[in-house]
Amino acid sequence: MLTFDFITLLIYIVHLILQILSIFFVLCVKTMFSVESVRSDFPILSSEVNGKSLIYLDNAATAQKPDCVIQAVNQYYRKENSNIHRGVFYLSEQATTAYESTRDLVADFLSAEKSSEIIFCKGVTEGINLVANGFSRSILKEGDEVLISEMEHHANIVPWQIACGQTGAILKIIPVLEEGSLDMDAYKSLLSEKTKLVAIVHVSNALGTINPVKEMIALAHAQDIPVLVDGAQSAPHMEIDVQDLDCDFFVASGHKLFAPTGVGMLYGKESWLERLPPYQSGGDMIEKVDFGGTTYKGLPGKFEAGTPNISGVIGLRSAIHYLNDLDRFGASTHEQSLLGKATAALNEIDGLRIIGTTRNKASVVSFVFDEIHAHDVGTFLDAGGISVRTGHHCTMPLLKRFKVPATARASFSFYNNESDVNALIEALHKMKVFFG
Ligand code: C6P
């Protein structure tokens, strides 16, 4: 009897262990990153250009959209379209809920403390303009300084030039070292009691360099200086935790995050957003309008005047759900492996020079040829179905620093595969023969 009980117990334990193992296995397989499986989520990847299969390597400019995002926007216009915050009828309330719940989702996605710290905008350009406009109207005075770097995108240069021009503040520049990283000694020495803001790119769109923003923020905060982080190129490649970074502002564009164009997000610490005046004005951002004077809504409404990009926000909601369901660690490991393979193979090509060789890079690689103009590189690759960006990448001062007028840039997303890298390298070898 005792032996029978023991055997039953043993069978029961083995059965339990097998069940736990099978659940674990199913969970692993379900969440494990598989490039071939994610590729099938993006309909455009199976299309052709110039009679060749599309090889899309311009993800830093804009990312392709998964089917769920395309469907979400389609569904919204087919069945749910209506304006938000205005109607008491069913569709308007549905649209308002969808819009506002996306704000909660974005707050979670960026690990913000409160949803009211998330402002929907057109993208990084508009987000930075909003902050620069607020600083020029309420913070900056003659002789103050704004600190940016030599590797900024024009979107994080020109708004500050305008703000400085309007206030008499001075724009200071952190230099870039030869391998494409920031001169951190220069950064430390540029911080002073005159500095009223540091505005810095997280990941360079032209070089791929990942900047040590957390360390830079801590250094600035030690002197009570707020920091804005341009996350256009970081949010698509890494998980962002604005509370851990402790940045005061963070901006990202939806279209680089697999969402539609024309929608983006500005995160700002509540205390900073409260301090800044409204950027645009009109409908929806007000509390009460009277010819004797107008009062504004609190956060976030104060910064969202007029009918926003509702369908864009609906698409963004779907894109964030998609990213939340993705094994992002696996995706980023895969991107890094593509970057490593591409870099090694590009370095083997005679007459090719990579611009931006620092070790800590996102999956962006910029290169030039001694004898062939970047635009010719781009045109040749396009004939083979390969899309790369060529030109100054809206970083003219950076290219001037490297003494090149233009580069060709391949930027990889998690849906690119090894054969995309091989096709690029093969095409560049053919191009060398073609141009003699
Ligand atoms: N870079 C590129 O091909 P918008 O256009 O507002 O979504 O993003 C502007 C922007 C700001 N900062 C960085 C670091 C960026 O990379 C970009 C957009 C694209 O590199 C288009 S120029």
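**Reasoning about a predicted chain**

In this predicted model, asparagine 417 sits in the loop between strand 17 (407-411) and helix 15 (418-434).

Q: Why is asparagine 417 called buried or exposed, whichever applies?
A: The relative accessibility of asparagine 417 is 9%, and the word buried is used for values under 20%. Because 9% falls under that cut-off, asparagine 417 counts as buried.

Q: Which residues does asparagine 417 touch, leaving out those up to four places away in sequence?
A: Asparagine 417 touches Val35, Glu36, Arg39, His334 and Leu338, where a contact requires heavy atoms within 4.5 Å.

Q: How far apart are asparagine 417 and leucine 191 in sequence and in space?
A: These two residues are 226 residues apart in sequence, and their C-alpha atoms are 43 Å apart in space.

Q: Why is aspartate 284 called buried or exposed, whichever applies?
A: Aspartate 284, which is found in the loop between helix 10 (270-275) and strand 11 (286-290), has a relative accessibility of 15%. Since buried means under 20%, aspartate 284 counts as buried. Its backbone also deserves a remark, for aspartate 284 has a positive phi of about 75° although it is not a glycine.

Q: What makes lysine 403 buried or exposed?
A: Lysine 403 lies in the loop between helix 14 (396-401) and strand 17, and its relative accessible area is 75%. The term exposed applies over 50%, and therefore lysine 403 is exposed. Lysine 403 also has a positive phi, near 55°, in a residue other than glycine.

Q: What is the omega of the peptide bond that joins leucine 299 and proline 300?
A: Omega is about 0° for this bond, which is a cis peptide bond. Proline 300 belongs to the loop between strand 12 (293-296) and helix 11 (310-325).

Q: Why is strand 7 described as largely enclosed by the rest of the structure?
A: Strand 7 covers residues 195-201, and six of its seven residues are buried, so the rest of the structure largely encloses this strand.

Q: How do you know that strand 7 pairs with strand 5 and with strand 8?
A: Two strands are said to pair if there are at least two bridges between them. Strand 5 (residues 145-149) and strand 7 are joined in the parallel sense over three bridges, and strand 7 and strand 8 (residues 227-230) are joined in the parallel sense over four bridges, so both cases satisfy the rule of at least two. Among the bridge partners are glutamate 145 with threonine 195 of strand 7, and valine 201 with aspartate 230 of strand 8.

Q: What makes the radius of gyration of the chain agree with that of a compact globule?
A: With 436 residues, a compact globule would have a radius of gyration near 22 Å, and the chain has 25 Å, which is taken as agreement. Along its principal axes, the C-alpha trace spans about 90 × 70 × 50 Å.

Q: How many helices and strands does the chain have, and what share of its residues counts as buried?
A: The chain has 15 helices and 17 strands, and 52% of its 436 residues count as buried.

Q: What share of the contacts between residues at least 6 apart in sequence joins residues at least 24 apart?
A: In this chain, 72% of those contacts join residues at least 24 apart.

Technical notes. Residues are numbered from 1 along each chain as its sequence is written. This is a predicted model: local features need pLDDT of at least 70, side-chain atom pairs count only at pLDDT 80 or more; totals for chains, interfaces and linings use all residues. Side-chain values use heavy atoms; hydrogens and water are left out. Helices (H or I, at least four residues) and strands (E, at least two) are DSSP runs, numbered from the N terminus. The radius of gyration is taken over C-alpha atoms; the globule rule is 2.2 Å times the number of residues to the power 0.38. Buried means under 20% relative accessible area, exposed over 50%, partly exposed in between (1.4 Å probe, protein chains only).
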